[in-house]
Amino acid sequence: MRRYGKHTDEDDIRSRPNRKGNRPRTSIRPKHEDAAEGMVLTVDRGRLTCLVDDRTILAMKARELGRKAAVVGDRVALVGDLSGKKDTLARIVRIEDRSSVLRRTADDDDPFERVVVANADQLAIVTALADPEPRPRLIDRCLVAAYDGGLTPLLVMTKSDLAPPDKLLELYGDLEIPHVVTSREELESGDAARRVLEHLDGKITAFVGHSGVGKTTLVNALVPVERRRTTGHVNAVTGRGRHTTTSALALPLAGDDGWVVDTPGVRSFGLAHIDPSRVIHAFPDLEPGTVDCPRACSHDEPDCALDEWVAEGHADPARLYSLRRLLATRERKEGD
C-alpha cells in the first residue's frame with residue numbers, strides 16, 4: 001500500500017476513471033427558467049394531463065421534486081416534448097405556489113390528508129333534497145374544509161321537484177352562503193345549468209357531493225360537449241345512462257370564462273387535518289370578538305369571549321350558533 005507524506009504531489013495521485021463515461025452527479029439542480037407554464041387537468045396512475053397553451057400534454061413528475069405531488073388545478077412548469085402528440089411525454093419540473101387547497105382525509109382518525117384540488121376559487125357543494133336525503137353533517141364538513149382551504153362555498157340543491165328546500169335553507173341561511181335550487185326538469189332543459197353558470201363566471205369551481213345527487217350530470221350540462229372532447233382519453237366521465245367520476249377532472253367552460261372540477265362522489269369527508277382555529281376566519285363579524293378569548297380557546301367553552309361579544313350586539317347570535325355547529329362537526333359522524 002502506498003503511503004504519502006505531508007508534501008504530496010496531486011499529479012502523483014491516481015483517480016479512478018468513470019466507467020460509464022458520463023459526468024459526475026451534482027447537487028446543483030437546473031432552474032428550468034425556459035420551462036413552459038401549464039395547468040394540471042387530471043392525474044391517472046402517475047401520469048398527469050396538463051394544458052399548455054391550447055394543447056393537452058401528457059407528463060410525469062420529475063424525480064427532483066421528491067415526494068411533492070401535483071394535483072388537479074396545480075400550475076406547473078414543464079420541459080421536454082410539449083407537442084402533445086401521441087406517445088410523447090413531458091416532465092413537470094416545478095409546482096408553483098398554491099392560492100388555495102381543498103383537502104380531506106378518509107375519516108377523522110386518518111392522519112394522511114389528500115389534496116382534492118388546488119387553486120380553486122370556490123367549492124360547489126351539490127346535495128339532493130330527496131332521493132337520496134340530504135346529509136347536513138356532510139355539508140357542514142365540506143364547508144369547514146372550504147373555509148380552511150381558502151375557497152368560497154356555493155350550495156347547489158337538486159331535485160326540488162321531490163322536496164322543498166325551505167328546511168335546508170333555514171339551516172344554512174345564517175351562514176350567508178350563495179345557493180341555487182334546481183329541479184330534475186330544469187336540469188334536463190338546461191335552465192339549471194344557466195342559473196348555476198351565473199356563479200361560475202371567471203372562476204375555478206370544484207364540485208363535490210355524494211353519489212346520486214346529480215353532480216356529474218350537472219357538470220356535463222355546464223360544459224359543452226366539444227369542450228369535454230378536448231380532454232379525449234383523459235375524460236373520467238364514463239358509462240351509459242349512469243355517469244360515474246373515478247378521478248378529479250378539470251373542464252373548461254365555454255368562452256374560457258372559468259373551469260369546473262368534477263370530483264369523485266364522496267361517502268365521507270374526514271377533517272383530521274383541519275385546525276379549528278382557522279375556521280373563525282370565515283366569520284369576519286365574529287373574529288374581532290376572539291381577541292379576549294383565553295389561549296387555545298375552542299370557541300365553545302364557558303370562558304369564550306364570543307358570548308359577551310354577541311351579547312353586546314356586535315353580531316347575530318345565530319351566527320355564533322352556526323360557527324359552533326361547524327366547529328363541532330369533527331366530533332360528530334356524518335350520519336348523526
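1. In this predicted model, Gly38 stands opposite Val76 in strand β4, and this facing pair belongs to an antiparallel pairing in which strand β1, covering residues 36–44, and strand β4, covering residues 75–80, are linked over four bridges. Strand β4 also pairs with strand β5 (residues 90–95), again in the antiparallel sense, and here five bridges join the two. Within this second pairing, Val79 has Arg91 of β5 as its bridge partner. A reader tracing these strands may keep in mind that side chains in a regular strand alternate between the two faces of the sheet.

2. Which residue of β5 does Met60 stand opposite? Met60 faces Arg91 in β5, and Arg91 is also the bridge partner of Val79. The strands β3 and β5 run parallel and are joined by three bridges, whereas β4 and β5 run antiparallel. Strand β3 (residues 55–61) has a further pairing with strand β2 (residues 47–52), which is antiparallel and extends over five bridges; there Leu51 stands opposite Thr56 in β3. The hairpin of β2 and β3 has two residues between its strands, and in that hairpin Asp53 takes a positive phi near 60°.

3. Some backbone values deserve a careful look, since most residues other than glycine have a negative phi and most peptide bonds are trans. The peptide bond that joins Asp131 and Pro132 is cis, with omega at about 5°, and Pro132 has its place in the loop between β8 (122–128) and α1 (136–149). Glu176, which is not a glycine, has a positive phi near 55° and is found in the loop between α2 and β10 (179–181). Ala296 is likewise not a glycine and has a positive phi of about 60°; its place is in the loop between β15 (258–262) and α7. Are these two loop residues, Glu176 and Ala296, buried or exposed? Glu176 is exposed, its relative accessible area being 64%, and Ala296 also counts as exposed, at 74% relative accessibility.

4. Glu176 appears again in a negative surface patch, which is formed together with Asp166, Glu170, Asp174 and Asp316. Asp166 is found in helix α2, which covers residues 166–172, and with a relative accessible area of 55% it is exposed.

5. How many salt bridges does the count come to? The count comes to 15, and the general background is that side chains of opposite charge can pair when their charged atoms come close. One of these bridges brings together the side chains of Arg45 and Asp44, with 3.2 Å from N to O; Arg45 is exposed at a relative accessible area of 77%, while Asp44 counts as partly exposed at 42% relative accessibility. Another is formed by Glu96 and Arg94, whose closest N and O atoms are 3.1 Å apart. In that pair Glu96 counts as partly exposed at 30% relative accessibility, and Arg94 also counts as partly exposed, at 29%.

6. The salt bridge of Arg324 with Asp307, in which the closest N and O atoms are 3.1 Å apart, is worth following between helices. Because Arg324 lies in helix α8 (residues 317–327) and Asp307 in helix α7 (residues 306–311), the pair ties together parts that are 17 residues apart in sequence. Arg324 counts as buried at 15% relative accessibility, whereas Asp307 is partly exposed, with a relative accessible area of 36%. In addition, salt bridges that share partners join Arg137, Asp140 and Arg325 into one network.

7. Why can helix α5 (residues 215–222) be described as largely enclosed by the rest of the structure? The reason is that six of its eight residues are buried, the cut-off for buried being under 20% relative accessible area. The buried residues of α5 are Lys215, Thr216, Leu218, Val219, Asn220 and Leu222.

Notes: Residues are numbered from 1 along each chain as its sequence is written. This is a predicted model: local features need pLDDT of at least 70, side-chain atom pairs count only at pLDDT 80 or more; totals for chains, interfaces and linings use all residues. Side-chain values use heavy atoms; hydrogens and water are left out. Patches are made of residues with over 30% relative accessible area and no salt bridge: like charges are joined within 9 Å, nonpolar side chains (Val, Leu, Ile, Met, Phe, Trp, Tyr) within 5 Å. Accessible areas come from the Shrake-Rupley method with a 1.4 Å probe; for residues, only the protein chains shown count as cover. A salt bridge is a side-chain nitrogen of Lys or Arg within 4 Å of a carboxyl oxygen of Asp or Glu. Lys and Arg count as positive and Asp and Glu as negative; His and the chain ends are not counted. The place of a charge is taken as NZ of Lys, CZ of Arg, CG of Asp or CD of Glu. Buried means under 20% relative accessible area, exposed over 50%, partly exposed in between (1.4 Å probe, protein chains only). Two strands pair if DSSP finds at least two bridges between them.
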